[in-house]
Amino acid sequence: MFVQCPTCKQSVEWSEDNRYRPFCSERCKLIDLGAWANEEYRVPAEDEDSLSDAYQLTDSKKVEE
Ligand SMILES: [Zn+2]
């Protein structure tokens with residue numbers, strides 16, 4: 001049975017010998033884990049920025065009206 005490596009989309013044999021399945025290699029597994037970690041780290045920071053932007057926009061609108 002073959003599956004697609006989630007990182008590089010290469011066909012990988014799903015076997016007991018492949019300890020990194022569904023990844024083709026340790027490298028692809030680490031890349032995928034790293035991508036998740038980066039995503040987790042980035043999202044809260046961006047949320048904070050857009051929140052303060054929204055507040056600023058609301059404030060200046062109130063002033064104009
Ligand atoms: Zn791969």
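The legends below describe an overview and several close-up views of a predicted model.

**Numbering and confidence.** Residue numbers start from 1 along each chain, as its sequence is written. Because the model is predicted, local features need pLDDT of at least 70 and side-chain atom pairs count only at pLDDT 80 or more, while totals for chains, interfaces and linings use all residues.

**Figure 1. The whole chain follows the pattern β-β-α.** One helix and two strands make up the secondary structure. Helices are DSSP runs of H or I with at least four residues, strands are DSSP runs of E with at least two, and both are numbered from the N terminus. Strand β1 covers 2-4. Strand β2 covers 11-13, and helix α1 covers 26-64. Of the 65 residues, 5% count as buried. A residue is buried if 20 or more other C-beta atoms lie within 10 Å of its own, exposed if 12 or fewer, and partly exposed in between; the C-beta atoms are placed from the backbone. Among contacts between residues at least 6 apart in sequence, 9% join residues at least 24 apart. Two residues are in contact if their C-beta atoms, placed from the backbone, lie within 7 Å.

**Figure 2. Close-up of the four annotated cysteines, C5, C8, C24 and C28.** UniProt, in an unreviewed entry, places the feature "binding site" at these residues. Their sequence spread is 24 residues, yet they cluster in space, with a largest C-alpha distance of 8.2 Å. UniProt positions are given in the numbering used here, feature names are shortened, and annotations may be inferred rather than shown by experiment.

**Figure 3. Close-up of C8, in the loop between β1 and β2.** C8 counts as partly exposed because 14 other C-beta atoms lie within 10 Å. Neighbours within four places in sequence are left aside here; C8 is then in contact with C24 and C28. C8 and C24 are 16 residues apart along the chain, and 8.2 Å separates their C-alpha atoms.

**Figure 4. Close-up of C24, in the loop between β2 and α1.** C24 is buried because 21 other C-beta atoms lie within 10 Å. Beyond its neighbours within four places in sequence, C24 is in contact with C5, C8, Q10 and V12.

**Figure 5. Close-up of K9, a residue with positive phi.** The value is about 60 degrees, although K9 is not a glycine. K9 sits in the loop between β1 and β2. With 10 other C-beta atoms within 10 Å, K9 is exposed.

**Figure 6. Close-up of the cis peptide bond from R21 to P22.** Omega is near 5 degrees for this bond. P22 lies in the loop between β2 and α1.

**Figure 7. Close-up of S15, in the loop between β2 and α1.** S15 has 10 C-beta neighbours inside 10 Å, so S15 counts as exposed. M1 is 14 residues from S15 in sequence; in space the two are 7.8 Å apart, C-alpha to C-alpha.
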